[in-house]
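Welcome! Open your viewer, get comfortable, and let's take a walk through this chain together.

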Amino acid sequence: FGPAVPDSFEFDDSFKVNPDWDALERLSKFQGTFVHIDQILMTHRIHSGSETTKALKHGLRKKEDKELFHRFWSKPISGLLSMLYSVSYQFNNTE
C-alpha cells in the first residue's frame with residue numbers, strides 16, 4: 001500500500017475541465033479505499049456557460065482527456081481512446 005493522503009492534498013488547478021479525474025487518479029496511489037454509494041448524489045448540468053461547454057468549443061476538453069488517458073495507456077492507445085471518447089462530446093448540446 002502507498003502512503004496516507006497528505007493533509008496538503010489539493011486539486012490541480014492547471015486542469016480546467018478534469019480536475020476531479022486527475023485528483024481521483026492521484027488519490028488512487030495513496031493508502032485507503034474508495035467506497036461506492038449506490039445512489040445519485042449529483043447530476044450533470046449542461047448549459048452554454050458551463051466550463052465543459054466552453055472547453056469543448058476551444059479544444060481544451062479533448063486535450064485534457066487525452067493527457068489523462070495517456071497516464072494509463074501508451075500514446076497510440078490513448079490517442080485512439082481519446083478519439084472514441086470525443087464522440088460523447090456531441091451530447092453536450094446546449095442548443
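Before we select anything, here is one idea to carry along: a helix axis is a line fitted to C-alpha atoms over the stretch in contact, and the angle between two axes is taken between their N-to-C directions, from 0 to 180 degrees. Keep in mind, too, that this is a predicted model.

**Stop 1: the whole chain.** Switch to a cartoon view. You will find four helices and zero strands, so to speak a plain α-α-α-α when read along the sequence. The C-alpha atoms fill a box of roughly 45 × 35 × 25 Å along the principal axes.

**Stop 2: α1 and α3.** Select residues 19-27 for α1 and residues 60-72 for α3. At what angle do their axes cross? The answer is roughly 15 degrees, and the axes come within 10 Å. Angles under 35 degrees count as roughly parallel, so α1 is roughly parallel to α3. The crossing of this pair is left-handed.

Now show side chains where the two helices touch. From α1, pick Trp 21, Asp 22, Glu 25 and Arg 26; from α3, pick Asp 65, Leu 68, Phe 69, Arg 71 and Phe 72. Try colouring this contact by class: four residues are nonpolar, none is polar and five are charged.

**Stop 3: α3 and α4.** Keep α3 on screen and add α4, residues 75-85. Here the axes come within 9 Å and cross at roughly 140 degrees, which makes α3 oblique to α4. This crossing is right-handed.

Which residues make the contact between α3 and α4? On the α3 side, select Arg 61, Lys 62, Asp 65, Lys 66, Phe 69 and His 70. On the α4 side, select Lys 75, Ser 78, Gly 79, Leu 81, Ser 82 and Tyr 85. Coloured by class, this contact shows three nonpolar, four polar and five charged residues.

**Stop 4: the largest pocket.** Finally, turn on a surface. The largest pocket has a volume of about 520 Å³. Of the 18 residues that line this pocket, select the ones closest to its centre: Asp 20, His 44, Arg 45, Thr 52 and Arg 61.

Which elements give two or more residues to the lining? They are α1 and α2, the latter spanning 51-58. The largest share, three residues, comes from α2. For a last bit of colouring, the lining has six nonpolar, seven polar and five charged residues.

Technical notes
Residues are numbered from 1 along each chain as its sequence is written. This is a predicted model: local features need pLDDT of at least 70, side-chain atom pairs count only at pLDDT 80 or more; totals for chains, interfaces and linings use all residues. Side-chain values use heavy atoms; hydrogens and water are left out. Angles under 35 degrees count as roughly parallel, over 145 as roughly antiparallel, 65 to 115 as roughly perpendicular and the rest as oblique. A crossing is left-handed if the near helix is turned anticlockwise from the far one by less than a right angle, and right-handed if clockwise. Contact means heavy atoms within 4.5 Å. Ala, Val, Leu, Ile, Met, Phe, Trp, Tyr, Cys and Pro count as nonpolar, Asp, Glu, Lys and Arg as charged, and the others, Gly among them, as polar. On a 1 Å grid over the protein atoms alone, a cavity is a set of points where a 1.4 Å probe fits but cannot get out, and a pocket is an open set with protein on both sides within 12 Å along at least five of seven lines; lining residues have an atom within 4 Å of a point. Grid points are joined across faces, edges and corners, and a volume is the space filled by probe spheres set on the points.
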